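Please open the model in your viewer and keep the sequence panel beside it. The tour below goes from one selection to the next and says what is to be found at each stop.

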Amino acid sequence: MAPPTLYILYNADASVMGKLSYSYRKLTSRDPDKPACAACDITHGGLHLDETSQWKTAKVEIVGSGAVKEVKQLHRDELDKEVWLHYSDLSFLPTPPDWREPTTCSLRYPMVLAQEEASGLRVLMDDRQLAGFKGDPQAFMQTLRERLSGGEGDVKL
């Protein structure tokens, strides 16, 4: 069986306004268990625009090991149509509303998904689990490896 594609979905938009909104939420967040975007903390160290060197190394290692085919990191407004349709409450419509509009999708951001050829999309980690890593890419990768190898069960939405 081919390795899955890994999706890391951020709780932020890629636009300039999205970055400003995320920055405001990050700076005003008071609850360490509910960060503005725990996935951003893991991959970018919070408010940085560039990925951390720890994350870059971890990403190369997990792809190089063959555990995943590729890692796609997407903001809410960059969501692939296939992912959106899979989790959308409106996918039954012949022409759904603007599928790039995050308000029409039932996903809880941030989250990590795996897309496998045989079984399709499945949730590996949700927002609460990502927050538990406190921005540590190594701890995230360890849990990710366990989930990909069939360790702990999938997250139920």
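In this predicted model, select Asp 136 together with Gln 138 at the start of helix H6, where a side-chain oxygen of Asp 136 comes to within 2.9 Å of the backbone nitrogen of Gln 138.

Next, extend the selection to residues 137–148, which make up helix H6. Its 12 residues span 16 Å between the first C-alpha and the last, close to the 16 Å expected at 1.5 Å a residue. Just beyond the helix, pick Gly 150, which follows H6 and has a positive phi, near 90°.

Now return to H6 and show the side chains of Pro 137, Phe 140, Met 141, Thr 143, Leu 144, Arg 147 and Leu 148, each of which is buried in this model. These residues lie on the same side of H6, because they cover an arc of only 165° around its axis. What do the buried residues of H6 pack against? To see the answer, add strand E1 (5–9), helix H2 (38–44), helix H3 (53–64), strand E3 (111–116), strand E4 (120–125) and helix H5 (127–131), for these are the elements that the buried residues of H6 pack against.

Stay with H6 for one more residue and select Arg 145, which forms a salt bridge with Glu 61, the closest N and O atoms lying 3.9 Å apart. This pair links distant parts of the chain, since Arg 145 sits in helix H6 and Glu 61 in helix H3, 84 residues apart. Arg 145 has a relative accessible area of 31% and is therefore partly exposed, and Glu 61, at 41% relative accessibility, likewise counts as partly exposed.

The structure holds six salt bridges, and two others are worth a stop here. Select Lys 59 and Glu 51, which form a salt bridge whose closest N and O atoms are 3.1 Å apart; at 21% relative accessibility, Glu 51 counts as partly exposed, the cut-off for buried being under 20%.

For the last stop, select Asp 126 and Arg 128, whose side chains meet in a salt bridge with an N to O distance of 2.8 Å. Which of the two partners is buried, and which is exposed? Asp 126 is buried, its relative accessible area being 3%, whereas Arg 128 is exposed, with a relative accessible area of 57%.

Note on methods: Residues are numbered from 1 along each chain as its sequence is written. This is a predicted model: local features need pLDDT of at least 70, side-chain atom pairs count only at pLDDT 80 or more; totals for chains, interfaces and linings use all residues. Side-chain values use heavy atoms; hydrogens and water are left out. Helices (H or I, at least four residues) and strands (E, at least two) are DSSP runs, numbered from the N terminus. The expected span of a helix is 1.5 Å times one less than its number of residues. Buried means under 20% relative accessible area, exposed over 50%, partly exposed in between (1.4 Å probe, protein chains only). The arc is that of the directions from the helix axis to the C-beta atoms. Contact means heavy atoms within 4.5 Å. A polar contact is a pair of N or O atoms within 3.5 Å; within protein, one must be able to donate a hydrogen and the other to accept it, and residues adjacent in sequence count only if both atoms are side-chain atoms. A salt bridge is a side-chain nitrogen of Lys or Arg within 4 Å of a carboxyl oxygen of Asp or Glu.
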